[in-house]
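Dear colleague,

I am passing on the structure below, together with some notes on what turned up when I went through it. Please read the notes with the coordinates open beside you.

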Amino acid sequence: MPAQLISGTALSQRIRADVARRTAALAARGIKPGLAVVLVGDDPASAVYVRNKVKACAEAGLHSVLERYDASLSEADLLARIRALNADPAIHGILVQMPLPRHINPQRVIETISTAKDVDGYSVQSAGDLMAGLPGFRPCTPFGCMKLIESTGIDLRGKHAVVIGRSNTVGKPMALLLLQAHATVTICHSATPDLGVHTRQADVVVAAVGRRNTVTADMVKPGAVIIDVGMNRNDDGKLCGDVDFAGVSPLAGWITPVPGGVGPMTITMLLVNTLESAERTTI
Ligand code: NAP
């Protein structure tokens, strides 16, 4: 039997409807969740990403501000803007779109965002909170992957999960979230000699590499849950993931498509984090 599709588009719609409901409830009490999106420079892909984030905020009833700066903005001026946003009570989440121009140190920028407004979950404090199992903002992409896995109804306790990729923004937090859900977790990366040895034992595979056809049918255990984070282009220029979807889906139990899988969930979890940041101000 072919795999069941895990639609990030459909799950996003359900979660965003819940975000809109909770946002309206907060607004009725005089608090409108607010997200500040900061873009420095004119990278066209970044411009699309920030526009989509601002649009998603508007659709769910959140307040958002988009601050666009020329690529020549100094690091000191950017840090000053972030400090001002930290102090702004109408703003509950701050996102600085990466990559930044080369003269700006991205980690210094991330660490300047107040932990209470770090809705991307990229700061060392947020990473430490995740590591220690403390409350805090979880990075949006792995957080979204967890929601996709949860939507299958599969209990992760005792399952073997293999994460391919160990970036600070996707692979590592993904592995920690799976561990927190009581999976046994293996992390693979570019120095792993034989990925298939690990993935063939996996009940859950999360591929976050950025290289198409990294996971092929011969590497998958029948019935496994396959979450494809990758965003690549195929020979026809079409968006595709890290997983050979056509080859793997007849075998897998569940699989996310690209597009329409992890992608929409990333923005959705940004809305969730911003809303929850605003909700915390009422506690
Ligand atoms: P990244 O920082 O480039 O990390 C890629 C990881 O893959 C690294 O840990 C690297 O290992 C590992 N890797 C590279 N080649 C490998 C190989 N042949 N076998 C096994 N592992 C290998 O990328 P990222 O930011 O984590 O993103 C990963 C992918 O997800 C990209 O395609 C990105 O565009 C996509 N993405 C999608 C979303 C979304 O919303 N859909 C969000 C974020 C990212 P080393 O550490 O050893 O170099």
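**Pockets, domains and backbone**

The second largest pocket has 15 residues in its lining, and those nearest its centre are Tyr122, Ser123, Ala127, Asn168 and Thr169. Please keep in mind throughout that this is a predicted model. The space in this second largest pocket comes to about 270 Å³, and its lining is made up, by class, of 9 nonpolar, 5 polar and 1 charged residues. Helix H4 (106–112), helix H5 (124–132) and helix H7 (171–180) each contribute at least two residues to that lining, with H5 giving the most, namely 4 residues.

The largest pocket has a volume of about 960 Å³, and of the 39 residues lining it, Tyr49, Tyr122, Thr141, Met231 and Thr266 are the closest to its centre. Two or more lining residues come from each of helix H2 (44–60), strand S4 (93–96), helix H6 (140–150) and helix H10 (262–280), and the largest share, 6 residues, is that of H10. Sorted by class, the lining of the largest pocket holds 21 nonpolar, 13 polar and 5 charged residues.

Where does the largest pocket lie with respect to domain 1 and domain 2? The chain is divided into domain 1 (31–114) and domain 2 (140–262), whose C-alpha centres are 29 Å apart; because both domains give residues to the lining of the largest pocket, this pocket lies between them.

Two of the residues closest to the centre of the largest pocket, Tyr49 and Met231, also belong to a nonpolar surface patch of about 270 Å², which they make together with Leu239. Met231 itself sits in the loop between strand S8 (225–228) and strand S9 (232–233).

Some points of backbone geometry may be worth a look as you go through the loops. The peptide bond that joins Met98 and Pro99 is cis, with omega about 0 degrees, and Pro99 is placed in the loop between S4 and H4. A cis peptide bond also runs from Val258 to Pro259, again with omega near 0 degrees, and here Pro259 belongs to the loop between strand S11 (254–255) and H10. Finally, His182, a residue other than glycine, has a positive phi near 75 degrees, and His182 is found in the loop between H7 and strand S6 (184–188).

With best regards

Technical notes. Residues numbered from 1 in each chain as written. Predicted model: local features only at pLDDT ≥ 70, side-chain atom pairs only at ≥ 80, totals over all residues. Heavy atoms only, no water. 1 Å grid on protein atoms, 1.4 Å probe; cavity = no way out; pocket = protein on both sides within 12 Å on 5 of 7 lines; lining within 4 Å. Points joined across faces, edges and corners; volume = space filled by probe spheres on them. Nonpolar A, V, L, I, M, F, W, Y, C, P; charged D, E, K, R; others polar. Domains from an automatic or database assignment. Patch = residues over 30% accessible without salt bridge, like charges linked within 9 Å, V, L, I, M, F, W, Y side chains within 5 Å. Areas by Shrake-Rupley, 256 points an atom, 1.4 Å probe, with all protein chains shown as cover. Salt bridge = Lys/Arg side-chain N within 4 Å of Asp/Glu carboxyl O.
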